[in-house]
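User: I am learning how names such as salt bridge or buried are given to parts of a protein model. Could you take me through some cases?

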Amino acid sequence: MKMDARVFSDADALSRGALDALLGIMDDSIRQRSRFAIALSGGHTPEKLYRLWADSEKKKARAPWDKVHLFWSDERYVPKDDPLSNYRMTREALIAHIAIPAANVHPAPGPDAARTPEAAAEAYEADLRKFFGSALPAFDLQLLGLGPEGHTASLFPGSPALEEKKRWVMAVEAPAKPPRRLTFTPAVLNQGRNTFFLVAGADKGEIVAALKAEPDSGESRYPAARIRPPGGVLWFFDKAAAG
Ligand code: 6PG
């Protein structure tokens with residue numbers, strides 16, 4: 001598949017490059033639509049970017065936080081203070097350091113609300129539907145990662161969620177720790193206005209080469225290759241991942 005890619009010397013440079021691009025999209029979205037809705041992901045690569053974003057705010061407050069809305073494209077089905085929670089990671093890296101109104105932070109519900117993962121997925125989808133109204137769930141920016149077997153968000157190879165056309169959020173069992181997760185389906189991820197994949201580290205070299213060799217049909221067995229939103233996808237690699 002063709003990849004619109006930017007290659008950086010290391011993960012720090014990648015994060016700086018991605019943050020610059022993110023801030024540009026934030027400004028444009030707020031100018032054009034008076035808000036910036038971003039779908040965040042978990043993983044080590046975005047964590048660096050979140051810390052950098054928080055640092056850049058300390059030096060020079062620049063985000064109109066009342067217009068910024070944070071969502072998560074996937075979440076582990078664990079309590080919000082669990083070490084594995086993507087929300088917890090984002091709170092510690094970013095949210096705790098910025099002046100965003102609590103109402104603009106939209107984490108996925110966890111087992112702390114004592115419901116089944118399926119009910120939590122429905123509740124999160126209801127939050128999304130309330131936010132987007134009758135419009136398509138087109139995030140201004142989606143930050144996604146790439147797993148070594150081609151997963152993105154919590155869409156793993158062979159997952160029934162990959163074929164989902166109607167539901168926006170699903171509870172899935174992933175071959176990873178922890179297995180229970182909530183994930184946006186391609187019905188959402190294929191709407192994004194802007195999508196960044198952040199991919200760093202030599203352990204990603206093999207899957208990046210495999211994706212490059214895939215046909216451009218969108219039918220790939222690799223979930224990441226099936227994310228083909230109208231706004232296009234920009235790949236941010238460090239040298240080690242780019243091969
Ligand atoms: C998750 C993530 C996941 C992640 C990739 C890449 O919750 O597990 O959202 O999809 O983005 O596994 O993670 P790294 O950036 O740590 O390689």
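Analyst: The questions below go through salt bridges, exposure and the ligand. This is a predicted model, in which local features need pLDDT of at least 70, side-chain atom pairs count only at pLDDT 80 or more, and totals for chains, interfaces and linings use all residues. Residues are numbered from 1 along each chain as its sequence is written, and side-chain values use heavy atoms, with hydrogens and water left out.

User: Why is the contact of Glu92 with Arg88 called a salt bridge?

Analyst: The term asks for a side-chain nitrogen of Lys or Arg within 4 Å of a carboxyl oxygen of Asp or Glu. The closest N and O atoms of Glu92 and Arg88 are 2.7 Å apart, so the pair meets that rule. The two residues are 4 residues apart in helix H3 (residues 86–93), which puts about one helical turn between them. By this rule the count comes to 13 salt bridges.

User: What makes Arg88 buried or exposed?

Analyst: Buried means under 20% relative accessible area, exposed means over 50%, and partly exposed is in between (1.4 Å probe, protein chains only). Arg88 has a relative accessible area of 16%, so it is buried, whereas its partner Glu92, at 37%, counts as partly exposed.

User: How do you know which term fits Glu173 and which fits Arg180?

Analyst: Glu173 is at 58% relative accessibility and therefore counts as exposed, while Arg180, at 42%, counts as partly exposed. These two also form a salt bridge, with their closest N and O atoms 3.4 Å apart.

User: What does the salt bridge of Asp216 and Arg228 tie together?

Analyst: The side chains of Asp216 and Arg228 meet at 3.5 Å, N to O. Both lie in the loop between helix H6 (205–212) and strand S9 (233–238), so the pair ties together parts that are 12 residues apart in sequence. Elsewhere, salt bridges that share partners join Arg33, Asp140 and Arg193 into one network.

User: What makes the approach of Asp74 to the ligand a polar contact?

Analyst: For a ligand, a polar contact is a pair of N or O atoms within 3.5 Å. A polar side-chain atom of Asp74 lies 2.7 Å from an oxygen atom of the ligand, so the pair fits the definition. His151 likewise places a polar side-chain atom 2.9 Å from a ligand oxygen, and a backbone N or O atom of Ala153 lies 2.7 Å from one.

User: How much of the ligand does the protein cover?

Analyst: The protein covers 90% of the 420 Å² of accessible area that the ligand has on its own, as given by the Shrake-Rupley method with a 1.4 Å probe.

Technical notes:
A polar contact is a pair of N or O atoms within 3.5 Å; within protein, one must be able to donate a hydrogen and the other to accept it, and residues adjacent in sequence count only if both atoms are side-chain atoms.
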